[in-house]
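Visitor: Can you walk me through this one? I'd like pockets, cysteines and strands.

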Amino acid sequence: MDNHFTFTLEYVRQVLFEGRKIRLEELPMAEVESCYEFLKEFASDKVIYGINTGFGPMAQWRVDDAFLKDLQYNIIRSHSTGAGEPLPDIDAKSAMIARLGTFLQCRSGVHPEVVKLLVEFINRDIIPFIPRHGSVGASGDLVQLAHIALTLIGEGEVHWKGEWKASKEVMEENGLKPFEIHIREGLSITNGTSVMTGIGVVNQFQAEQILDWATLASVMMNEIASSFDDLMAQPLNEVRRHEGQQVIAGRMRELSKGSGCLQQREHELYDNGHSADKVFEHKVQAYYSLRCTPQILGPVYETLRNARRVLEEELNSACDNPIVDPQTRNVYHGGNFHGDYISLEEDKVKIAMVRVAMTAERQLNYLFHDRINGILPPFLNLGKLGLNYGMQACQFTATSTTAECQTLAMPNYVHSIPNNNDNQDIVSMGTNTALLCAQVIENVWQVLAIQYIALAQAVDCLGIADSLSPATRRIYSDIRAIVPVFIEDTPFYKDIAAVQAYLKSHPLNL
């Protein structure tokens with residue numbers, strides 16, 4: 001392909017979270033125009049799906065030339081049938097970027113004005129109303145993409161400056177005009193994997209951030225338990241071969257550097273004359289949820305790395321149908337709209353995130369269970385036992401939330417219901433998968449928020465703040481600025497929400 005434009009995930013992250021604007025002069029607009037002109041010439045005397053035929057099972061009917069523009073408007077209006085709450089603005093904006101990525105491959109035959117209008121919507125934060133439910137992820141996200149298209153033709157609703165308004169009204173306020181149908185813009189906008197991809201991209205950013213927070217939490221857990229530091233030793237982890245395990249172990253070594261809490265096995269057990277001892281007060285090996293962090297989070301790292309690759313490839317793929325190729329001067333019919341790549345990856349990310357929640361919940365149990373840890377008061381209670389309850393009830397929330405994650409872990413990729421007169425006889429359910437993954441991610445943030453409150457309280461129970469590594473000490477101080485040490489019983493729901501917001505908005509950068 002002559003077109004070398006690509007959206008990196010870093011570029012998309014900057015557009016979504018840092019206010020970066022997409023500049024038309026950076027885009028291959030000449031190639032978009034060339035593809036459109038080729039299709040205009042090529043389609044003049046041929047039968048091409050979705051240009052002069054009906055859609056889906058209706059493709060066996062030829063559409064009269066007098067109604068070709070109506071055909072394109074009809075698919076937009078007829079497929080705007082979604083239900084449920086609208087997608088979060090960030091997901092909808094990400095979906096628009098993903099749709100733009102498809103058009104910039106210059107294989108869709110759309111008129112350049114569609115690309116320009118989509119860029120204006122993205123840059124101005126004009127967010128289409130896209131209902132949560134509607135996609136089976138096989139002819140792509142037909143229903144939800146139709147809702148985007150509906151706003152681009154000046155119909156439907158958009159979220160702009162905190163209000164839901166008629167798209168036509170907002171476009172007039174911004175000096176924009178709805179695009180006009182030229183050849184196949186209606187089908188091309190509605191046909192593809194862009195909604196599931198957009199949601200998946202947002203999931204990816206959050207999941208990567210969660211993994212880093214979970215790694216730091218595991219370092220703090222081992223500091224609190226005074227674990228032997230060889231669990232993260234390079235010679236131990238490199239003989240397991242798996243890259244993810246080695247990356248997590250290396251990250252733990254980095255985050256724990258300078259800690260005065262971790263013990264060295266060679267000093268405590270090898271060189272200190274303990275060989276004759278019959279009973280060891282300190283555990284020779286920590287519980288699995290502490291000691292096996294590299295082995296547990298390593299596969300999570302590798303899962304996210306592969307998901308990042310797939311998402312970036314999908315962002316820069318022509319995922320509609322048919323494919324218009326000016327180079328070979330042909331139009332190819334196939335199934336690039338099928339969402340299996342995204343569905344499978346989002347299931348894997350979802351399952352990996354469930355594992356993070358499970359690990360955090362077990363680590364919390366260690367902190368709260370005095371008969372297991374042997375060094376902390378029950379439920380980190382600094383008040384009067386029996387009268388005060390510490391974080392006892394916080395465990396209920398963490399446990400129930402983790403249990404919901406485990407239920408949601410059921411793979412959605414393996415689920416398919418034929419529909420569309422059995423034209424779509426096997427479907428990906430990719431958007432449902434991405435949405436379920438997003439719910440799991442939100443749950444994991446909640447569990448991690450409770451864990452970090454507990455970690456700070458445990459540090460104060462032991463009085464070891466000054467012995468923490470510089471990295472964990474900094475985070476301890478940040479958490480304590482939100483939730484001071486507590487002795488008397490207090491409602492925690494606002495604290496949990498505040499710490500969750502902190503974790504989401506503060507990448508570690510350590």
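Guide: Here is a short tour by topic. This is a predicted model: local features need pLDDT of at least 70, side-chain atom pairs count only at pLDDT 80 or more, and totals for chains, interfaces and linings use all residues. Residues are numbered from 1 along each chain as its sequence is written, and side-chain values use heavy atoms, with hydrogens and water left out.

Visitor: What volume does the largest pocket have?

Guide: About 900 Å³. A pocket here is an open set of points on a 1 Å grid over the protein atoms alone, where a 1.4 Å probe fits, with protein on both sides within 12 Å along at least five of seven lines. The volume is the space filled by probe spheres set on the points, which are joined across faces, edges and corners.

Visitor: Which residues are closest to its centre?

Guide: Val 202, Phe 205, Gln 206, Gln 209 and Trp 445, out of 36 that line the largest pocket. Lining residues have an atom within 4 Å of a point.

Visitor: Which element gives the most to that lining?

Guide: Helix α9, with 10 residues. Helices are DSSP runs (H or I, at least four residues) and strands likewise (E, at least two), numbered from the N terminus.

Visitor: And the second largest pocket, what volume and lining?

Guide: Its volume is about 520 Å³. It has 28 lining residues, and Ser 139, Leu 142, Asn 420, Asn 423 and Gln 424 are the closest to its centre.

Visitor: Switching topic. How many disulfides?

Guide: Zero, by the rule of two cysteine sulfur atoms within 2.5 Å. For Cys 319, the nearest cysteine sulfur is that of Cys 106, 14 Å away. For Cys 394, the nearest is that of Cys 461, at 13 Å.

Visitor: Is Cys 319 buried or exposed?

Guide: Buried, at 2% relative accessible area. Buried means under 20%, exposed over 50%, partly exposed in between, with a 1.4 Å probe and protein chains only. Cys 394 is buried too, at 5%.

Visitor: Now strands. Which strand does β2 pair with?

Guide: Strand β2 (127–128) pairs antiparallel with β4 (157–160) over two bridges. Pairing takes at least two DSSP bridges between the strands. Ile 127 has His 159 of β4 as its bridge partner.

Visitor: What stands opposite His 159 in β5?

Guide: Trp 164. Strands β4 and β5 (163–166) run antiparallel, joined by four bridges.

Visitor: Which residue in that hairpin takes a positive phi?

Guide: Lys 161, near 55°. The hairpin has two residues between the strands.
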